[in-house]
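Open your viewer and keep the selection box handy. We will take a short walk, one selection at a time.

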Amino acid sequence: MTDAVPTSAVPMAEFFSIYDGAPLPTPASVDLMGALPIRAAQFCVPIKAASGLGFYLYPPVDFAVRWDGQRTDVTWLDARGQATEWLPLDGGVDVHLPGSGAVRAAVPADRAADLDSVMDAEGTPFINADPRAAHQMEITTGVVARTQPGWGILVRGLANWGPQRDHQMLDGFVETDWYRSFLPVIVRATTPGAEVRFFRHMPMAQLVVLPLAALRPEAGGETGATSAGIAGWPDDLWREFVSTRAPRHAHETRGTYASASRRAEKNGRCPYADVPASA
């Protein structure tokens with residue numbers, strides 16, 4: 001067993017948006033913003049930990065998309081959540097947010113010479129559909145991230161919110177220690193004819209900060225995996241397994257992982273480091 005990673009080693013993430021007043025990512029919620037079942041919130045530390053891992057990503061506007069099986073459209077939602085004008089995304093055309101040209105006007109004069117190389121005359125495109133698979137769309141929320149060297153960001157669906165109705169969020173990993181463009185959000189519509197709605201006060205994706213080494217496990221040397229079954233386990237692993245599993249197997253109390261996790265947090269190390277296998 002090794003000691004826990006010091007809190008000071010936790011990577012920092014910074015977020016910036018091109019849209020003035022747009023919601024920035026916020027820390028993810030361990031209770032799914034109040035939607036986690038009470039029993040899970042009380043006893044299941046792994047579910048809470050995964051739910052609260054990283055940050056929530058929000059769209060800059062309220063909008064909806066629909067796919068009829070062949071083509072995809074997008075519309076902006078008004079203050080009552082009603083569709084305004086449906087715009088086709090045929091042929092991979094880029095659709096811009098209303099008034100997005102104001103982003104260019106907000107760029108300071110000393111940076112204006114760079115505008116044409118990074119932005120359309122109408123601003124930054126907001127959404128486009130894959131011309132080969134119209135039900136798959138790339139959404140640009142306007143968020144740029146910066147992480148410490150050696151760390152990147154996994155863009156994924158919302159952890160433990162359950163299957164998202166009529167759409168799927170595809171996972172993508174960005175090396176944000178050097179990549180300074182928008183975080184990609186790829187949405188796949190799954191139900192022809194259904195409207196999929198997104199609101200700026202509700203998260204649409206989750207951002208998880210991970211070490212780049214997680215992308216290349218082969219760089220870390222041998223994994224120590226064995227196919228010999230339980231008979232091939234090393235002695236230290238067996239002792240840890242017995243110490244961890246015995247309380248749960250005996251049904252001594254609820255929340256054995258939760259109590260062990262609290263001991264680990266208090267001691268800053270493995271909760272079973274000093275517990276013999278027979279305890």
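## A walk from strand pairs to the core

Start by selecting Q136 and R188: these two stand opposite each other, with R188 in β13. Keep in mind that this is a predicted model.

**The strands around β13.** Widen the selection to residues 133-147, which form β9, and residues 182-189, which form β13. The two strands run antiparallel and are paired over six bridges. Now add residues 167-170, which make up β11. This strand also pairs with β13 in the antiparallel sense, here over four bridges. To see one facing pair, pick H167 and A189: H167 stands opposite A189 in β13.

**A loop residue with an unusual phi.** Next, select D166, in the loop that links β10 (151-156) to β11. What is the phi of D166? About 65 degrees, a positive value, although D166 is not a glycine. Most residues other than glycine have a negative phi. Is D166 buried or exposed? Its relative accessible area is 17%, so D166 counts as buried, the cut-off being under 20%.

**A second loop.** Move on to T176, found in the loop between β12 (172-174) and β13. T176 has a relative accessibility of 1% and therefore counts as buried. Which residues are in contact with T176, once neighbours within four places in sequence are left aside? Select A145, R146, T147, W151, G152, I153 and L183 to show them.

**The nonpolar core.** Now colour F63, V65, V74, I127, M137, I139 and V185. They belong to the largest nonpolar core, a set of 37 residues, and touch the most other members of it. Zoom in on V65 and display what it touches beyond four places in sequence: D73, V74, W86, I127, M137, A194, E195, V196 and F198. Three of the residues you have just coloured, V74, I127 and M137, appear among these contacts of V65.

**Stepping back.** Finally, clear the selection and show the whole chain, which has six helices and 15 strands. How many of its residues count as buried? Of the 279 residues, 33% do. Among contacts with a separation of 6 or more, 67% join residues 24 or more positions apart. Switch on the surface to end the tour: the chain exposes about 16,600 Å², and carbon and sulfur atoms supply 54% of that area.

Methods:
Residues numbered from 1 in each chain as written. Predicted model: local features only at pLDDT ≥ 70, side-chain atom pairs only at ≥ 80, totals over all residues. Heavy atoms only, no water. Core = buried A, V, L, I, M, F, W, Y, C linked by side-chain atoms within 4.5 Å. Buried < 20%, exposed > 50% of the residue type's maximum accessible area, 1.4 Å probe, protein only. Contact = heavy atoms within 4.5 Å. Pairing = 2+ DSSP bridges. Areas by Shrake-Rupley, 256 points an atom, 1.4 Å probe, with all protein chains shown as cover.
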